[in-house]
Amino acid sequence: MTGYMCIAQQLTGVVKDGLNNESIPGAKIELKELGVATYTDINGRFTLEGNWPDEFMLQVSAMTYESQNISITCCDFIDLVLQPDPHNMEEVMVRVERRELQGSMTQKTDYIELDQLSVISPLSITEALSQIDGVQMASYGPLNSKPVIRGMQGMRVVTFLNGMRINNQQWGGDHGLGISMAGMESAEVIKGPMSLIYTGDATGGLLYLKDGSFAPQNSYSVDLNTQFETASLGTQNSVVYKLSGKKLRMSAAAVFSSYADYKLPNGGYLSDSRMNDMGGKFKLGYNSGKWNFELNYLYSNSEVGIPGHTHDLNPAPESFMLDEQDRDFSLPYQKIQNHFGNFKASYFINAKNKMEFFVNHGYNNLAEFEEKIYTPGIDMYLNSSSVQARYHWNPNKNLKLLSGIQTILESNDNGLDAEERLIDDSDQFDMGAYSSLSYDLKGLQLNAVVRFDHRAVRSADFSGDYSNFNAAIGLRKQWSGNALNDLSMHVSSGTRAPHLSELLSDGVHHGAVRYELGDRNLESERFVQLDVNYEFSNEHFSLMFNPYTTMASGYIQLAQLDSSINGMDVYEYAAKDGVLLYGLETRVHYHPHFAHRIHFETGYSNTFGRDIGLAQEGEDLYFMPQARLRSNVRIELSKNKTFGFASVLVQHNYFFKQDRVGPLETSTDPYHLLQFGCQMKWDGNWPVELSFGMRNVLNTSYINHMSSLKSLGLMEPGSSFYFNLKWSIESRNQSTSNQ
Amino acid sequence: MKTKMFFAAMLLIASTACNKEECYECHYDGPNGEVELEGEYCGEAAEDLENTGYVMDSVVYTVHCGEH
């Protein structure tokens, strides 16, 4: 390995099957740090031309093979060997991986390829994420939802998009994730407070979303996607255009969605559950030698109905139901507009050192119109600017060090025309610094992270400062023989300073159908989690067993009081002395030797949450999700044919009774959900994928325990047929090799 | 060709989301219940009516426009 810097280098190599040594055509070669990709040709060979750093990471992946991430030195010929992965499923399967998301090989994350889920055609990112054990949807109808990770949601679950932290009023019970799946490639989930190199306050977990990679070098692609489902006569349409030269790359996407009120199992329609949404994305990348730049921009504009809105103290569910379906504009509704922009620069100092710089800005406007078309009930503007710098030092192959600093400035302002103010105008400043060490001691992997954060909150009549220190340590050991065993353990802390809404709320929140009261005396809540994960896998069988427990002090809970104001139930933010959360996630996968094309998978997840403080010891926490048992049967069909059925999926979910509820909270009955999906493919010059299926096949009447509408007795959608059509007008070009 | 197709698709999507001046039926909550106002009110007229209210016998009533 030398330290010189090449000019106009050619990176070449070949990808082969580890069992039979045959070349693998169509394997994807991706330089993730540089945003550059290509595919192997019919001989399994690839070529990438450019001005590369001395050393960088390369990922090679192919269907039915285990992916590899390796560090390579420019520009020797690269021989890559992939081992077949008998458990590889093209869709739905959530891959448990050890990714570099935390700069640690000890941390387990759950990885899901969003652009490969067409056989189940999720309506939103949150619905896609709910395929992961331990993740469910907190919803205001299926189109307005956000993820719940091990019972935690809202400000405890932090979302990153392309490296930028997304702030868009996640504190609100009726405020969904607000990000379209169009053009998005993957989502990774870290459960619990184990993401200290990204933030110290993701006490519930972290969601890392990533847009699709650029088109392969010197090529272009156009992808059209349209989706339709019958319950809400809803349609999602998107177009993604990508163009890549040798150094400069761009990607642009547009999306439009429209959904009418959804149909209930009893044949009626839930009033004001409609939604319209449009948006676009733009991405630009450039690399030259030691520098790599990336610019991302996202715009979204949504009008989301607010179902269940009433000032009656004891409304009947029938008062929210309509006999006819409608999608036209109607009060009440939310109008949400987002602009997110981020710029990233990476500098590869030498083979062992790299620096990264991030500059981000987010603009969010959320207005709720209850009684008037032109005058909002609440109108909030959130501007968030952040700067971050990270330094990577890898002195040898066993040791990795990562350090960084972050600052975020948030400004929350109310529109002058709004009838009410839920939260006063206020500013928030965050600063954080962290350092992470990963070490491989003869097969025993160690990771340790320390982090310091300070938050300052200021409004006209409030001033608060919160300083927090957190740490995490993880160990991992793998051993293999006839089967692969993997055992890891993490102890980690996370501290979340109270949010503006928790401190300063004092008003009617129409969207959430409640009056919300804050508490200015709230202090930071502190979580300490122990997470143990064991995995076993051989050629036909795999098992994942993941128990965890979390102690939380100063846990801030939004609890219902036995009173009402202006016809609305009153909820108050209050701190608990001590809270215990514990649970289990486990998954089994079986792949019979006598039937290679059939996959059976079952996963179980459950979270318990109890107050263990002196005042309310033994009380269950609010909004803890139901235990869930999910089973998939998937059959791969016509694997090597140009045209035909590709796969069939049957998914069964059983949600257990949830009667471990907070005082005044309603319990939820158990229910079954059955879904069927089928996918067809045509691998011509312009590949086409057609998926169709049915959600809630049995037309089950059920209430989601995590739905904000449950106290009103309002059901989720009934049976719904769907189809999804994806059409790649211009296929990706494969590379050619000079060898 | 591919560029033209892309922009055509973008234009198609954008055109379906164009805002047009909407017209609404309006009502006010009188002493004896809801009272519909005659005709429809559009754009600025509807906004002014919502902001200023409807005056009847020297009493200003809050006006609500649009479907609820």
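A residue counts as buried here if 20 or more other C-beta atoms lie within 10 Å of its own. With that in hand, let us look at chain A, which comes from a predicted model. Of its 739 residues, 50% are buried by this rule.

What about the overall form? Along the principal axes, the C-alpha atoms of chain A fill a box of roughly 75 × 55 × 50 Å. The radius of gyration of chain A is 25 Å, and this agrees with a compact globule, because a globule with 739 residues would have a value near 27 Å. As you follow the chain, you will meet 2 helices and 41 strands. Contacts also reach across the sequence: among those in chain A between residues at least 6 apart, 67% join residues at least 24 apart.

Now to the domains. Chain A is divided into domain 1, residues 1-85, and domain 2, residues 194-730. Their C-alpha centres lie 33 Å apart. Where the two domains of chain A meet, 20 residues of domain 1 are in contact with 18 residues of domain 2.

Which strands of chain A each supply at least two residues of the side of domain 1 that touches domain 2? They are strand E3 (36-39), strand E4 (45-50) and strand E5 (55-61). E3 of chain A gives the most to this side of domain 1, with 4 residues. By residue type, the side of domain 1 of chain A that touches domain 2 divides into 9 nonpolar, 6 polar and 5 charged residues.

Technical notes. Residues numbered from 1 in each chain as written. Chains lettered and ligands numbered in written order. Predicted model: local features only at pLDDT ≥ 70, side-chain atom pairs only at ≥ 80, totals over all residues. Domains from an automatic or database assignment. Contact = placed C-beta atoms within 7 Å. Nonpolar A, V, L, I, M, F, W, Y, C, P; charged D, E, K, R; others polar. Rg over C-alpha atoms; globule rule 2.2 N^0.38 Å. Buried ≥ 20, exposed ≤ 12 C-beta atoms within 10 Å, placed from the backbone.
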